[in-house]
Amino acid sequence: MPNLQLASTKIPAELMDRLKRFTELSGVNQSAAIRQAIEQFLDSAESTGLAQLTQREGSFKPSELVARVDAIGR
């Protein structure tokens, strides 16, 4: 197993509901789903030049992040 580190954040209730539905339907545990979502988001960000993320919390609109999480569920 890879060396894993803890990352913590709070997410909107609507996104949490969607994450719960995804994990229930797919059988993937929450941690694995979140790791995959972050990996896919960062891969996309790096390849599209979005890697110049601001350090400020909330620099993305929730709809941008939700679209990326949705892509994982497909």
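Is phenylalanine 22 buried, partly exposed or exposed? Keep that in mind while you click around.

A word on the ground rules: this is a predicted model, where local features need pLDDT of at least 70, side-chain atom pairs count only at pLDDT 80 or more, and totals for chains, interfaces and linings use all residues. Residues are numbered from 1 along each chain as its sequence is written, and side-chain values use heavy atoms, with hydrogens and water left out.

Start with the cartoon. You should see 3 helices and 0 strands (DSSP runs, H or I of at least four residues for helices, E of at least two for strands, numbered from the N terminus).

Next, select residues 13-26, helix α1, and residues 30-48, helix α2. Their axes (lines fitted to C-alpha atoms over the stretch in contact, with angles from 0 to 180 degrees between N-to-C directions) come within 10 Å and cross at roughly 110 degrees. The two are therefore roughly perpendicular, a label for angles of 65 to 115 degrees.

Now show side chains. Met16, Leu19, Lys20, Phe22 and Thr23 of α1 meet Gln30, Ala33 and Ile34 of α2, where contact means heavy atoms within 4.5 Å. That set splits into 5 nonpolar, 2 polar and 1 charged (nonpolar is Ala, Val, Leu, Ile, Met, Phe, Trp, Tyr, Cys and Pro; charged is Asp, Glu, Lys and Arg; the others, Gly among them, are polar).

Last stop: phenylalanine 22, in helix α1. Its C-alpha sits 8.4 Å from that of alanine 33, 11 residues apart along the chain. Back to the opening puzzle: phenylalanine 22 is partly exposed, because its relative accessible area is 23% (buried is under 20%, exposed over 50%, partly exposed in between, with a 1.4 Å probe and protein chains only).

How values were computed:
Angles under 35 degrees count as roughly parallel, over 145 as roughly antiparallel, 65 to 115 as roughly perpendicular and the rest as oblique.
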